[in-house]
Amino acid sequence: MRGWMGKFRSLFLFGALTLILSGCGVDNLSALKPKGYGAELLLDLMIISIAIMIFVFVIVMAIYAFVLIRYKQKKGQEHLIPKQTEGNKALEVIWTVIPIILLLVLAVPTVQATFDLADTSGQDDENAITIDVIGNQYWWHFNYAGQEIATSQELYIPTGERVYLNMKSSDVIHSFWLPSIAGKMDTNPGENINSMYLEAYEEGVYWGHCAELCGPSHSLMDFRVIAVSPDEFDQWVEDMKNVDPEATPETASAQEGQELFNNNCMSCHAIGGSSAGVGPNLTNFGNREKIAGIMDPSKENLVDWITNPDEIKPGNQMPANIVSKEEANKIADYLLQLKHSDVGTDVPTRNSDE
């Protein structure tokens with residue numbers, strides 16, 4: 001008896017813990033709180049499948065309880081053999097047809113949603129927003145087709161419009177996952193390009209992750225999608241087109257940092273619409289929500305990242321100690337003043353407790 005009580009207490013504890021932890025999370029990183037068309041469609045499918053599973057579970061448990069009670073062995077009937085029902089055609093038809101019906105109920109909307117989410121033919125429209133996405137260890141790069149705009153780690157999109165993504169990888173398989181706006185899509189090395197679209201309902205900053213194990217810093221391969229109004233997006237596009245990589249910073253420290261950056265970092269990075277090398281494009285870096293996708297945007301964190309990046313993101317390709325700490329401070333002053341557009345800086349990152 002005590003053994004059963006111990007097992008029951010453990011089961012109750014784990015059940016209560018699961019219930020409590022299920023309430024953790026934030027609005028902008030949850031498939032259960034959709035803020036976009038794709039995420040809403042996927043949530044509907046989850047609800048349908050869960051409803052079917054609950055229905056089957058209730059029916060099976062009801063039959064099980066009925067059999068336990070109805071055919072419980074009674075005193076004096078120890079050797080009684082109940083009437084056998086094998087070969088009952090009616091029962092066999094019932095438990096064959098019902099699962100088929102349940103599968104069809106789930107399969108039809110699933111197939112419809114699959115074709116819907118895979119339909120990227122709209123990018124053939126000359127006014128469509130198309131973005132080339134490249135997954136790298138351990139960061140994301142975005143090229144806005146036809147706009148001569150390149151960014152990394154932060155993807156700007158307008159609300160209420162479909163934005164088409166054509167994705168591939170520069171190294172290993174990654175997976176672009178934006179749970180609150182859409183589903184996920186693998187990015188593969190080579191010439192294979194996978195496509196999907198985003199359609200955000202509300203302005204906000206939405207978090208995304210790599211969902212495919214890609215190396216020691218896979219869990220740190222984060223990115224942000226900033227959804228703004230169509231007018232603000234047009235303004236952001238205009239601002240980004242007019243970026244001057246050679247603009248002189250205001251402070252002397254930042255000016256020295258610019259020279260140090262040009263001499264030590266430009267072989268890997270870029271500012272403006274030009275293509276970067278093996279590192280992220282740093283346009284509008286001063287307005288980013290995170291450094292390296294994971295750290296708060298403080299000067300101290302940026303200096304730590306510049307001087308010893310492998311300690312923060314093991315396995316990344318950024319070399320360590322190419323400049324002294326004093327030089328890194330000046331480069332940080334330069335990078336943190338790169339604020340080419342203020343669009344989106346006031347967009348909230350909505351947490352679940354707000």
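## Two sheets, their helices and a shared core

In this predicted model, the largest nonpolar core has 37 residues, and those touching the most other members are Ile131, Tyr144, Leu155, Leu165, Phe176, Leu198 and Trp236. A nonpolar core here is a set of buried Ala, Val, Leu, Ile, Met, Phe, Trp, Tyr and Cys residues joined through side-chain atoms within 4.5 Å. Buried means under 20% relative accessible area, exposed over 50%, and partly exposed in between, with a 1.4 Å probe and protein chains only. Two or more residues each come from strands E1 (129-136), E2 (139-144), E4 (154-158), E5 (163-169), E8 (194-198), E9 (204-210) and E10 (222-228), and from helix H4 (230-241). E10 gives the most to this core, with 5 residues. Helices (H or I, at least four residues) and strands (E, at least two) are DSSP runs, numbered from the N terminus.

A word on conventions: residues are numbered from 1 along each chain as its sequence is written. Local features need pLDDT of at least 70 and side-chain atom pairs count only at pLDDT 80 or more, while totals for chains, interfaces and linings use all residues, and side-chain values use heavy atoms, with hydrogens and water left out.

Leucine 165 is a good place to look into the core. Beyond its neighbours within four places in sequence, leucine 165 is in contact (heavy atoms within 4.5 Å) with Ile131, Val133, Leu155, Phe176, Asn194, Ser195, Met196 and Leu198. Apart from the largest core lies another, of 23 residues, with Phe261, Val303, Trp305 and Leu335 among them. In soluble globular proteins, nonpolar side chains tend to be buried together.

### The two sheets

Let us turn to the strands. One open sheet has 5 strands in the order E3-E2-E1-E5-E8, with mixed pairing; two strands pair if DSSP finds at least two bridges between them. Strand E3 (149-152) and E8 stand at the edges with a single partner strand each, so one side of each has no neighbour in the sheet. Neighbouring strands of this sheet are turned by 25° against each other on average, direction ignored. For angles such as these, axes are lines fitted to C-alpha atoms, for helices over the stretch in contact, and angles run from 0 to 180 degrees between N-to-C directions.

E2 and E3 run antiparallel and are joined by 4 bridges. Across this pair, asparagine 143 has alanine 150 of E3 as its bridge partner, and histidine 141 stands opposite serine 152 in E3. The hairpin of E2 and E3 has 4 residues between the strands, and glycine 146 there takes a positive phi near 80°. From E3, Ile149 and Thr151 point one way and Ala150 and Ser152 the other, and all are buried. In a regular strand the side chains alternate between the two faces of the sheet.

The other open sheet described here also has mixed pairing, with 5 strands in the order E4-E10-E9-E6-E7. Its edge strands are E4 and strand E7 (184-187), each pairing on one side only. The twist from one strand to the next averages 25°. Strand E6 (residues 174-177) pairs with E9 in the antiparallel sense over 2 bridges, and phenylalanine 176 stands opposite cysteine 210 in E9.

H4 is worth following across both sheets. It lies across E1, E2 and E3, running at about 100° to E3, and H4 also lies across E4 and E10, at about 130° to E4.

### Helix packing

H8 (residues 325-336) packs with H6 (residues 299-307) and with H5.

| Helix pair | Axis distance | Angle |
|---|---|---|
| H6 and H8 | within 9 Å | roughly 125° |
| H5 and H8 | 7 Å | about 105° |

Angles under 35 degrees count as roughly parallel, over 145 as roughly antiparallel, 65 to 115 as roughly perpendicular and the rest as oblique. H6 and H8 are therefore oblique to each other, whereas H5 is roughly perpendicular to H8. On the H6 side, the contact with H8 includes Leu302, Val303 and Ile306; on the H8 side, it includes Ala328, Ile331 and Leu335. Where H5 meets H8, the residues include Leu260 and Phe261 of H5 and Ile331, Tyr334 and Leu335 of H8.

### Two single residues

Asparagine 284 is found in the loop between helix H5 (252-264) and H6. At 5% relative accessibility, asparagine 284 counts as buried. Not counting residues up to four places away in sequence, asparagine 284 touches Tyr156, Trp236, Met240, Leu338, Lys339, His340 and Ser341.

Isoleucine 50, in helix H2 (residues 37-70), counts as partly exposed at 44% relative accessibility.
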